[in-house]
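Work through the exercises below with the model open. Try each task before reading its solution.

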Amino acid sequence: MQRDLKRLADETFDLLIIGGGINGLATAWDASLRGLKVALIEKSDFGGQTSSATLKIIHGGLRYLQHLDFRRMRESIRERSALLRLAPHLASPMPFLVPTYGHLMQGMEVMAAAMLMNDLISCDRNRDQPDPDRRLPSGHYLSRRATLDLAPGISEKGLTGGVIFYDGQMYNSERLTFSFALSASAAGAQLANYVAAIRLLRKGAHVTGARCRDLETGAEFDVRATITANMSGPWSDIVLGLLERPDPPRRVVRSKGIQIVAPQLYDKVAVAVPSAYVDPDAVLARGTRNFFITPWRGTSLIGTTDTVYEGDPDAFRITDRDIRDFVAEINQSLPCAKLTREQVPFAFGGLRPITEKNIDTGSTVARKYEIYDHEQDLKIGGLLSVIGVKYTTARFLAEQVVDATFQKLGKTSPRCVTLERPLAGGKTGVWADFERATLAAAPAGISGTTMRHLAHSYGTDYQLVLDLAAREAGAAALVPGAEEVIVAEILHAIRNESARKLEDVVLRRTDLGTQGQPSAAALAACADLMARELGWDTARRAREIAETAARFQFVD
Ligand SMILES: Cc1cc2nc3c(=O)[nH]c(=O)nc-3n(C[C@H](O)[C@H](O)[C@H](O)COP(=O)(O)OP(=O)(O)OC[C@H]3O[C@@H](n4cnc5c(N)ncnc54)[C@H](O)[C@@H]3O)c2cc1C
């Protein structure tokens, strides 16, 4: 998969998608599979913004029980099962422990009833799941003793026990997002990263595509399409502003959320810890909002925060203060954590868009996705704006956007097939068998650790990486300082996965930087390869290293 700007400029598309986060990519995949001619432009890297900010939870929507929103809960349950089925290399079940206190809303009685309802509402969650390791067990409750054994150090005052429920967890959310890009590309979509929409093209009251800028060269060109979908997440009001109409600006408020990577606090279950946040929407308000301490590949991933963000979304960054404040909040809520700022090697985050409808209902957190057909509200044809609020349900949102696109095109839509079609690399069959076979197929010189990592990162496509490792001198070697990433993965990212910048390789195509800053030697080795493959000069190489290193430094 490579960007082809000439084709983008020369051809006319049925659908132009602005924004290559999970929602735009899932839409490109579905629309292409249903036979539409699709273009997608992304001004940073695919999945480089909000979609790489997640806590990596594939939510079944248990919290919608608080709002008695069974429809959304069913949606989330179905989509959680879908991701576990379509990308078994990148998604697996994770037990969550909710400690219970007293006999009111946080009490065992209420939580046990919630568990029961959750199990009932999701009784078909494993129906199409052939792999026993990817099935989600029923919830159950634990005694006080068993709860403390699993989560020592949680507050014992009034503790009555705990409830376990199961959700999914992403092994590598960036690769999961990218597997949607690969799948869309394989289905025929034209995707380009580092291309920004700078103006919406119009013929009278009809949008006909977008004026675009190649952010690598500054060159401008038009992408023409019958329907344009603004899927730019927290930028959606800004992209709508590219219509250059005198309308009052859309009200989209943004909230900032961060997660931190920390030493492992709990290794068997994710633990919900009550924080001071009060949820104003909850019908069965439990008074506080939880943050989660989730075991993730030998670390604890802790999140998420939620504060109003008033700046320009392009200026979003995580400050050292953000991290220090969150560390203090964690220590206050869970004194046994004794976490220090120095123990946090990495933090990441993003912005949640809070749409007009959600503002009107008084919500501080966007709860429902929105699809606006601007024919209806602005009398502008050919333009949709879509705002998603959850990674987990992106496939379903995409299905509706593609249905709406067909409707606007005046065509009958073929059946959506993305519920049945494995994502790129996802046709592994039963995971344990696949992993065993992968380990058995290890070529000389490639360790079991690397093979396991390749199986998880690329699924059935790991052979593409091994082929490169066999063909190119030195490509089977580990990247200097890395424990499992090999040089062939970097070559694969550059040649076959449209990696254009060093941080694309380090943060989103390989695992080099997913848990903290890679060594200087690793950055230098990657930059050398990219310079050789992409023709960078010395200044560009140095700039890329500095920019990537800066992603791991947090200042106030
Ligand atoms: C802190 C945090 C934690 C979360 N945790 C979870 C979780 O655990 N599980 C879960 O299911 N959900 C989670 N979510 C929600 C989820 O991350 C988002 O709903 C989802 O990623 C939004 O995807 P998107 O494609 O709409 O937006 P984005 O990923 O932001 O994609 C929009 C893209 O549009 C691009 N763009 C903007 N302007 C232009 C332009 N002019 N031209 C071209 N491209 C443009 C941007 O660069 C961006 O990449 C979390 C969200 C946050 C903030």
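**Exercise 1: Area of the interface**

Domain 1 and domain 3 bury about 1,000 Å² between them, with 44% of it on carbon and sulfur atoms. Buried area is the accessible area (1.4 Å probe) that two parts lose on being put together, summed over both. This is a predicted model: local features need pLDDT of at least 70, side-chain atom pairs count only at pLDDT 80 or more, and totals for chains, interfaces and linings use all residues. Residues are numbered from 1 along each chain as its sequence is written, and side-chain values use heavy atoms, without hydrogens and water.

Task: find which three residues supply 46% of the area that domain 1 buries against domain 3.

Solution:
1. Set the bounds. Domain 1 covers 5-51 + 174-250 + 363-409, and domain 3 covers 431-550. These bounds come from an automatic or database domain assignment.
2. Pick the residues. Glu 174, Arg 175 and Tyr 194 supply that 46%, more than any other three residues.

**Exercise 2: Charged and polar pairs**

Task: state how many salt bridges the rule finds across the interface of domain 1 and domain 3.

Solution:
1. Apply the rule: a side-chain nitrogen of Lys or Arg within 4 Å of a carboxyl oxygen of Asp or Glu.
2. Count. The rule finds four salt bridges across this interface.
3. Inspect Glu 497 and Arg 175. They form a salt bridge, and their closest N and O atoms are 2.7 Å apart.
4. Locate the segment. Helix α6 (residues 173-186) gives four residues, the largest share of the side of domain 1 that touches domain 3. Helices here are DSSP runs (H or I, at least four residues), numbered from the N terminus.

How values were computed:
Helices (H or I, at least four residues) and strands (E, at least two) are DSSP runs, numbered from the N terminus.
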